[in-house]
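These are my notebook entries on a structure that I had not looked at before. I put down each thing I looked up in the order in which I came to it.

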Amino acid sequence: MSNSDAEIVERVKQGDTDALGEFIELRRMQLLAFINRNVSSALASKVEPNDLLQEVTIHALRGLPDMEFKDRDPFNWLCQIAERRIIDAHRKYIGAQKRSANKEVSGNSPVGGTSSTTGQGGLIDMLVVTMTTPSQAFSRDQREFKLQEVLATLPAESQEALRLRYVEGLPTKEIAQKIGKTDGSVRVLLSRSLNKLQDLLGPDANPMGR
């Protein structure tokens with residue numbers, strides 16, 4: 001880091017909003033690269049990285065007066081804000097689509113008997129966030145931590161099917177082609193995987209708890 005860059009960082013830590021603007025401009029390409037790495041293809045079709053970066057800038061400028069950096073790197077702080085904006089964008093642009101997709105899976109599942117959909121809207125939102133947020137350190141609550149642990153207990157095929165359906169937003173027919181199964185088998189797999197997650201998470205899957 002050059003002396004001039006170090007001076008800007010120090011001014012940012014002292015709460016200088018002009019310095020923060022300069023710092024964001026200096027790190028613009030790095031921030032855009034970070035955003036691009038962490039935005040799913042489903043979300044990328046809904047919102048531009050530059051729009052997310054603008055939101056990061058606005059939230060950073062608003063939050064700077066209350067921020068205590070100490071030994072913390074301002075760039076890491078900006079990445080944290082970016083992750084939160086990505087999470088919010090998923091909830092805003094993808095959330096309704098995921099809940100609708102979940103109803104389709106539950107309604108068309110050929111599994112014998114009925115499966116409860118109570119709380120699955122909240123589970124789908126958590127699933128989208130957990131499978132697209134790269135770092136547990138910036139997750140919003142412990143339920144997302146727990147979901148990551150529970151997901152790891154599922155077979156790799158189930159994890160991939162869930163990712164393709166609820167993160168990438170692919171229809172079950174395309175998923176079937178990708179993983180070498182029939183459309184009906186994929187619907188069964190998704191339904192069983194969601195119910196398994198919901199059983200393992202218990203009250204944490206309830207959207208009323210958010």
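**Entry 1: the chain as a whole.** In what order do the elements of the protein chain run from the N terminus on? I read them off as α-α-α-α-α-α-α-α-α-α-α, and the count I noted beside this was eleven helices and zero strands. I should write down early that this is a predicted model. I then looked up burial for the chain, and found that 44% of its 210 residues count as buried. For the contacts with a separation of 6 or more, I noted that residues 24 or more positions apart account for 69% of them.

**Entry 2: helices α3 and α5.** I turned next to helix α3, which covers residues 28–38, and helix α5, which covers residues 49–63, and found that they pack at an angle of about 115° with their axes 10 Å apart. The crossing of these two helices is right-handed. Which residues meet there? On the α3 side I listed Arg28, Leu31, Leu32, Ile35 and Asn36, and on the α5 side Pro49, Asn50, Leu52 and Leu53. Sorted by kind, the residues of this contact come out as six nonpolar, two polar and one charged.

**Entry 3: Ala60.** Staying with helix α5, I looked up Ala60, which has its place there. Is Ala60 buried or exposed? Its relative accessibility is 0%, so I entered Ala60 as buried, the cut-off being under 20%. Leaving aside the neighbours within four places in sequence, I found Ala60 in contact with Leu20, Ile24, Trp77, Leu78 and Ile81. For Ala60 and Ile81, which are 21 residues apart along the chain, I noted a separation of 7.3 Å between the C-alpha atoms.

**Entry 4: rings.** Trp77, which I had just listed as a contact of Ala60, came up again when I looked for aromatic pairs, of which a search of the whole structure finds one. The partners are Phe69 and Trp77, and because their ring planes stand at 90°, with the centres 5.2 Å apart, I recorded the pair as edge-to-face. Both burial values went into the notebook as well: Phe69 is buried at a relative accessible area of 5%, and Trp77 counts as buried at 6%. I also looked at Phe75, and found Arg27 lying over the face of its ring, at 4.9 Å from the ring centre.

**Entry 5: Lys70.** Where is Lys70 found? I placed Lys70 in the loop between α5 and α6, the latter being residues 74–108. Its phi is positive, at about 55°, although Lys70 is not a glycine. With a relative accessibility of 70%, Lys70 counts as exposed.

**Entry 6: towards the C terminus.** My last two residues were Ser158, in helix α9 (residues 156–167), and Leu197, in helix α11 (residues 183–201). Ser158 is buried, with a relative accessible area of 6%, and, apart from its neighbours within four places in sequence, I found Ser158 in contact with Leu189 and Ser193. Leu197 is buried too, with a relative accessible area of 0%. How far apart are Leu197 and Leu151 in sequence and in space? I noted 46 residues in sequence and, from C-alpha to C-alpha, 7.3 Å in space.

Notes. Residues numbered from 1 in each chain as written. Predicted model: local features only at pLDDT ≥ 70, side-chain atom pairs only at ≥ 80, totals over all residues. Heavy atoms only, no water. Axes fitted to C-alpha atoms, helices over the stretch in contact; angles between N-to-C directions. Helix = DSSP H or I, 4+ residues; strand = E, 2+ residues; numbered from the N terminus. Left-handed = near helix turned anticlockwise from the far one by under 90°. Contact = heavy atoms within 4.5 Å. Nonpolar A, V, L, I, M, F, W, Y, C, P; charged D, E, K, R; others polar. Phe/Tyr/Trp six-rings, centres within 6.5 Å; stacked < 30°, edge-to-face > 60°. Buried < 20%, exposed > 50% of the residue type's maximum accessible area, 1.4 Å probe, protein only. Lys NZ or Arg CZ within 6 Å of the ring centre and 35° of its normal.
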